[in-house]
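Okay, thanks for squeezing me in. I'll talk through some salt bridges and then one sheet, so have a look at the screen.

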Amino acid sequence: MIYSREEHIRFLEEELRAQTEAYKQKLDTSALFLLQDREELFVAQFLTFKDGEMILKFPNTRGIPRQGEYLYCITVPKELRNYRDWGNKTYGDLIKAKTNYSEIVCIWQTPSNEKDFSIAGFRGVEIEFAIHIQEAEGMILLLGPNKPPFEYIANLQSIVQNKNNESVNKILDQDFQVSDWTPTLLDNKNNIADFVLSQLALQDSLIIQGPPGTGKTYLIAEICERLCNQRKSVLVTALTNRALIEIVEKPALQNLLEEHRIFKTKLSVDEAKAFKDLQQTKEVSPQPYNLILSTFFITSGQAAKTFNEPPFDYVIVDEASQALLGMFGGAKLLGKKNIWIGDTRQLPPVVSLSDDKVSRKNYGALVDGLKALSETASMPIFQLTETHRLTDRAAKYSGLFYKDSLNSRAKKDIRLSYSEMDIDFGRFFNPKGGPTLIKTDLKAGEFKPTNALKLATDIVKHLLETNEKLHISVLTYFVETTKALQKAIFQTIGYHNNLLIETVSRVQGLTTDVTIFIVPNSSYHRSLENRLFNVATSRSKRHTLIITDKGVLTRSQIDNEVKTYLKKLDEEFSFYIQFDGLAITNISEAKQVPVEKENTETTEAKTETESKVGLKILGTIDLSKFEKPKKEIKRDKENIYIIDTNVFVDYPDIISKIDKKYQVILSAKVIDELDKLKVTLSEEQKKNVQKAIKQINDSFDKRNIKMNTADLTLLPSDFDKKSADNFILSVALKYIDENPIMLTSDNGLQVKSKGFGITTITLKDFLKQTRY
């Protein structure tokens with residue numbers, strides 16, 4: 001497919017609009033609501049700077065930022081430092097009143113010596129902001145949702161409008177057709193850095209595919225060292241500051257660092273503390289002999305202003321799989337020679353546009369730039385094959401995503417068994433390292449799965465008690481699950497510097513000793529998405545423990561490569577854990593765990609059995625086999641009913657008519673609407689609403705029913721985010737893998753639901769079935 005420049009511009013305009021709308025919604029939200037209800041805004045007291053980290057104190061009466069969370073930190077005038085004085089002010093009002101600001105990231109959190117407070121450490125503080133507050137101990141700071149990268153998108157708009165640069169034209173105007181491409185495999189028999197530079201003598205650009213742990217950062221450092229010593233000007237750009245700092249850390253750049261020949265834009269306090277010889281620069285401009293480091297956001301601004309010859313001899317794009325297609329045009333504007341290093345089998349760039357919109361408008365190549373450029377095979381592509389992170393066994397599993405091309409060069413003397421650990425838990429760790437599949441019983445649709453939280457907490461506790469300080473990462477897809485894990489683990493065993501609990505999307509590039517990957521029994525198409533699963537299961541130098549429901553392999557919509565991985569692991573090294581309440585009652589090797597399915601055929605007749613009263617029972621009859629099947633039920637799914645508000649108004653006893661073997665999920669918006677309707681409807685309808693609320697209240701104690709909040713990010717960007725129907729629809733979309741059944745008489749909600757492939761049934765049709 002060939003994209004016109006107008007289509008490039010349209011995509012970026014729509015992305016910018018989506019970012020703006022989402023952020024405007026935050027800005028227009030009551031500051032008190034974000035603080036007290038959503039826990040997205042925080043009030044903290046500045047304590048000090050220690051080892052480059054900003055230390056803040058938070059009251060325990062409200063939540064505190066989660067580890068790894070990026071925030072916008074501001075100072076405000078005295079009259080706004082007490083949240084009780086905010087009144088009707090919005091988050092946007094507080095932003096307008098700011099006196100200084102910095103983007104920051106939470107690194108750790110721990111209880112304070114004062115029982116009513118916690119403290120947390122932050123990095124990424126800009127030097128000017130640090131100077132502003134460091135003498136003001138006790139100053140009140142506000143921390144809120146971070147600002148989207150508006151300038152980055154605007155810079156890319158300028159870049160794609162440049163039609164006068166032949167190098168940019170070759171990148172943006174080519175035909176993005178998928179070819180059967182195979183990268184040239186590289187091993188360490190020869191010096192890879194020298195080989196890459198020799199290839200660049202033959203062409204202007206090349207792509208290096210770097211699977212997990214194959215030394216991408218080491219390679220970049222070695223190439224930079226050679227080029228700078230050849231008097232070349234070199235720019236390295238990446239999505240994150242963390243990636244740039246990891247390059248600085250490498251031994252190959254030690255001499256350049258000591259000679260003050262490495263410069264970085266937006267140097268933070270902790271970076272300056274860690275690397276005293278690292279120089280700050282405000283301009284992305286070439287300096288012969290020297291190395292410039294800058295993020296995509298700043299580099300794109302310089303590219304947008306470049307119209308003549310490329311100013312740099314070489315541009316290296318790190319984290320290239322995170323770059324939008326337009327960014328590669330920017331790299332060509334800045335560098336005579338380009339090296340793009342990334343991994344197309346790991347996470348793609350994050351955009352605000354919905355997956356549905358990206359797919360419908362064929363924007364895939366414009367979003368996933370490195371993948372699109374690789375698939376056209378229009379330039380040389382090389383792949384690193386030797387992983388220094390993964391053990392032999394782990395490399396074989398991760399190699400499934402790379403056509404079995406990975407070879408392990410990891411240390412052989414690394415410790416993989418823990419004899420001092422409780423024997424039941426020690427069994428989970430394969431003596432050859434790599435993955436373990438741990439299956440248990442998880443409730444469908446539950447994003448805070450009790451058994452998984454308990455298991456993860458117990459495993460972390462045992463790991464922390466080993467005779468070796470291991471770095472442990474607990475990962476999951478969902479933010480809701482992440483927060484539940486943080487609460488369960490930190491409250492049980494406290495905070496530890498060597499423990500990270502985070503969403504998978506925030507840890508690309510992470511190396512850890514042990515990973516625990518939690519997969520709730522819902523939305524498998526998200527948790528087990530091919531590239532996300534690859535990231536989650538390839539972080540660890542020693543072990544990866546995957547905790548999920550025992551029926552995971554029976555679920556539909558699991559990617560084929562992921563299913564192959566899990567089936568192989570299920571047969572080779574897996575366990576099944578049974579619980580009684582919160583107590584583990586049995587741990588067994590579980591090569592094949594029988595999975596009960598809903599709505600199975602009648603059970604086989606039992607053998608002749610004596611009853612207590614002397615009767616002989618010759619068999620049992622399953623009466624369900626004589627029931628007329630309900631049209632909304634699917635045999636291989638969990639079948640979860642989502643009930644619309646109008647159904648409760650018309651038939652308040654509706655919950656009692658739903659078979660107890662099926663779960664009922666109530667949108668929080670339905671409860672809210674019912675609460676409001678009890679004073680606005682006719683007398684008869686008011687009675688129905690009050691009766692419905694009472695039945696809902698009673699049902700919470702008697703059957704499988706739960707309330708769930710909306711996730712508006714699941715909706716297309718052109719859906720009204722204030723519509724009550726859309727709130728309810730987004731709850732149903734959370735359970736899309738398990739046949740959510742929208743019980744509604746509203747034609748509009750039925751149409752929207754059907755558009756997403758959600759089963760619908762009207763109240764009239766549902767009640768008609770129950771008569772038989």
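Let me start with this: is Lys 163 buried, partly exposed or exposed? Keep in mind that this is a predicted model. Lys 163 comes out as partly exposed, because its relative accessibility is 47% and partly exposed runs from 20% to 50%.

So who does Lys 163 pair with? Its salt-bridge partner is Glu 6, and the closest N and O atoms sit 3.8 Å apart. What I like here is that the pair ties together distant parts of the chain, 157 residues apart. Lys 163 is in the loop between helix H5 (150-160) and helix H6 (166-172), while Glu 6 belongs to helix H1 (residues 5-27). Glu 6 is partly exposed as well, at 44% relative accessible area.

That's one of 42 salt bridges in the structure. In general, side chains of opposite charge can pair when their charged atoms come close.

Here's another: Glu 151 with Lys 147, where the closest N and O atoms are 3.5 Å apart. Glu 151 is partly exposed at 44% relative accessibility, and Lys 147 is partly exposed at 30%.

Next, Arg 360 and Asp 356, whose side chains meet in a salt bridge at 2.8 Å, N to O. How far apart are these two in helix H14 (residues 355-360)? They're 4 residues apart, so about one helical turn separates them. Arg 360 has a relative accessible area of 46%, which makes it partly exposed, and Asp 356 is partly exposed too, at 34%.

Salt bridges can also share partners, and one network formed that way joins Arg 415, Glu 420, Glu 468, Asp 513, Lys 541 and Arg 542.

Okay, on to the sheet. We've got 5 strands in an open sheet with parallel pairing, and the order is E29-E28-E27-E30-E31. Which strands stand at the edges? Those are strand E29 (705-708) and strand E31 (759-761); each has a single partner strand, so one side of each has no neighbour in the sheet. On average, neighbouring strands here are turned by 30 degrees against each other, ignoring direction.

If you zoom in on E29, you'll find 4 bridges joining it to strand E28 (residues 663-667), with the two running parallel. For Val 664, the bridge partner in E29 is Ile 705.

Last bit: what lies across strand E27 (640-643), strand E30 (740-743) and E31? That's helix H29 (residues 763-770), running at about 80 degrees to E31.

That's me done, thanks.

Note on methods:
Residues numbered from 1 in each chain as written. Predicted model: local features only at pLDDT ≥ 70, side-chain atom pairs only at ≥ 80, totals over all residues. Heavy atoms only, no water. Salt bridge = Lys/Arg side-chain N within 4 Å of Asp/Glu carboxyl O. Buried < 20%, exposed > 50% of the residue type's maximum accessible area, 1.4 Å probe, protein only. Pairing = 2+ DSSP bridges. Axes fitted to C-alpha atoms, helices over the stretch in contact; angles between N-to-C directions. Contact = heavy atoms within 4.5 Å.
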